[in-house]
Amino acid sequence: MKTYKILLLLIGVSIMGCSDLEEEPSGLLAPEGFFSSVADIQTAVNGAYGHMTTEDFWGRKMSLPLMLRGDMVSIGDPTTSTRRIEHEEFNVPTDNGMISGYWQRVYQVIASANQAIAGAALVSAPDEQKNPVVAQAYFVRAFAYFHLVRQFGAIPYLDAPVTDAGAAASISKTSAEDVYTNIIADLEFAKTWLPNTQAARSIPAKSAAHSYLALVHLTMGNYQSAYDEAKGVIDNEGTYNLGLEADFQDLFDATTIDGSQEPIFALDFNGFSDGDTGRDYQAALTGLRNDEQYDLGGGWSVAVPSLGVYNAWDGRDYRKAVSLDTTGLFNGVTQPFTVFKESGASGRGVNRPHIAKYTRNTGVTATGNGRASQQNYSMIRYAEVLLIAAEALNEVSPGSTEAEGYVNRVRARARNSNGVTSGLFPADISGLSQSDFRDMVLEERKWELAFEFKRWYDIARRRIGPEVFGASGLEGAKPGFSEDQDYLYPLPADELERNPNLMPNNPGY
């Protein structure tokens, strides 16, 4: 494993090392005093990756609200932090601690990328050597802004290092439309210059930029472009070294996932951390309180599927068994989910199945409850690209057997239970109307990508909140949801106080 020096390149902001890189801060340097080689550009990019694997970003603060705001997961422990419950109940104030901590960190990701891009201009090297590394920075910047614009709408857009703190403190918001334009431009640059494959899926290759362009266009409703980009990935499946993992369970086995062809871009945690740097929390947040079955010390029962998810999910679908734990082990005795709370002794659990994707095969963990695991979190994987192609093609050319084929390929894997194909469920689809296909593919995404932090974004982009949060939804009626307000987060109150140019806040806040 390579060792890099992660330098303090930002004004007053330290760049953290990636979880699989050794962190060695060595001083506060201006770009012109540091960037002299392509390796120096890579060092700055590594800092951006490192910020993503902290508690403020994917460790907990950014990822947990995405899960709670969907219609498949709710709070299992009512004594958990209020700032978490506020997302579950759509009662989020402008000083919500999950948002304020994440907001600062995501702009550190962006700052690191901007430093790499600016520093590259100081490096004398042929484009063929330099641009494949610079393209990583463009991808990272697009990745960060894509999350921000979907969560907040209009936001401050910075595309260069901050050299004047006063000017930065008075920046205005950039419209969501213009942010998307910039995201697409960054991804196009990345798609041009990134190599077809990389040594690890935690480093973006051409397939990552290609796939995110498909997802960005899908989110914007540019269905022809979304299909074209997704089809480009599919047509290059061999070149990009992509494929569906034969066994769905293996996608969530931290000890084997590094060899999988399905992840396209992943955040890679490695079983150690320095404080909250390099530490993930999903095993703890989703694990069953006091459960003994995985030798993790049990979880916290914070983010727990609603009973409606269990009841609605057909038991013949192998993905259900992979995604959910319906039994726990307490004092050496296996108990069903109907008595989890009573069996767990503390009384703080909940009598519902729990998420198994992040507890069953964590690999080495550095701290209790499965925190600081070896999990690789797929930000996008090949199955999603197939579903993007299907959804987009249905919008521009309904009734296509090609679109059906993409869904059926994903469904065929769902019938493959531990290497044995059942042939029962989910069945192949054919002959659906455009409207029925649209509903079906969203349902397919719901089950295929369950608890992978995608569902909220699907609800928001399709504006189906009133439907999924109504009385017939998986969680029952959620009266706190307002479609006039809750498709966006509030801008953090302390940011508005520091910079009134960011006013007004998003509607309803």
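R381 forms a salt bridge with E262, the closest N and O atoms lying 2.7 Å apart, where a salt bridge is a side-chain nitrogen of Lys or Arg within 4 Å of a carboxyl oxygen of Asp or Glu. This pair links distant parts of the chain, since R381 belongs to strand β8 (residues 376–381) and E262 to the loop between α10 (223–235) and β2 (263–268), 119 residues apart; helices (H or I, at least four residues) and strands (E, at least two) are DSSP runs numbered from the N terminus. The model is a predicted one, in which local features need pLDDT of at least 70 and side-chain atom pairs count only at pLDDT 80 or more, while totals for chains, interfaces and linings use all residues. Residues are numbered from 1 along each chain as its sequence is written, and side-chain values use heavy atoms, with hydrogens and water left out.

Both R381 and E262 are buried, a word that here means under 20% relative accessible area, with exposed meaning over 50% and partly exposed the range in between (1.4 Å probe, protein chains only). The side chain of R381 also meets that of E452 in a salt bridge of 2.8 Å, N to O. Because R381 lies in strand β8 and E452 in the loop between α17 (434–448) and α18 (455–462), this pair ties together parts that are 71 residues apart in sequence. E452 is buried, as is R381.

These residues belong to a wider arrangement: E262, D317, R319, K357, R381, R411, R413, E444, E448 and E452 are linked in a network of salt bridges. The structure holds 38 salt bridges. In general, side chains of opposite charge can pair when their charged atoms come close. A pair within a single helix is that of K446 and E443, whose side chains meet in a salt bridge at 2.9 Å, N to O; both residues lie in helix α17, 3 residues apart, about one turn of the helix. Of these two, K446 is buried, with a relative accessible area of 7%, whereas E443 is partly exposed, with a relative accessible area of 33%.

The surroundings of R381 and E262 can be followed through G243, which is found in the loop between α10 and β2 and is buried, with a relative accessible area of 5%. The C-alpha atoms of G243 and R381 are separated by 9.2 Å, although the two residues are 138 residues apart along the chain. Not counting residues up to four places away in sequence, G243 touches Q261, E262 and Y382, contact being taken as heavy atoms within 4.5 Å.

R69 offers a further case of a buried charged residue. It is found in the loop between α3 (63–68) and β1 (73–75). R69 is buried yet has no salt bridge, and the nearest side chain of opposite charge, D486, is 4.4 Å away; for this purpose Lys and Arg count as positive and Asp and Glu as negative, while His and the chain ends are not counted. The side chain of R69 does make a polar contact with the side chain of H87, at 3.2 Å, a polar contact being a pair of N or O atoms within 3.5 Å in which, within protein, one must be able to donate a hydrogen and the other to accept it, and for which residues adjacent in sequence count only if both atoms are side-chain atoms. Leaving aside neighbours within four places in sequence, R69 is in contact with H87, F90, V92, W456, F469, D486, L488, Y489 and Y509.

Several backbone features also deserve attention. Phi of F453 is near 70°, a positive value in a residue other than glycine, and F453, in the loop between α17 and α18, counts as buried at 6% relative accessibility. Phi of D295 is likewise positive, near 55°, in a residue other than glycine; D295 has its place in the loop between α11 (282–286) and β3 (303–305) and is exposed, with a relative accessible area of 73%. The peptide bond from M503 to P504 is cis, with omega near 0°, and P504 lies in the segment after α20 (493–498).
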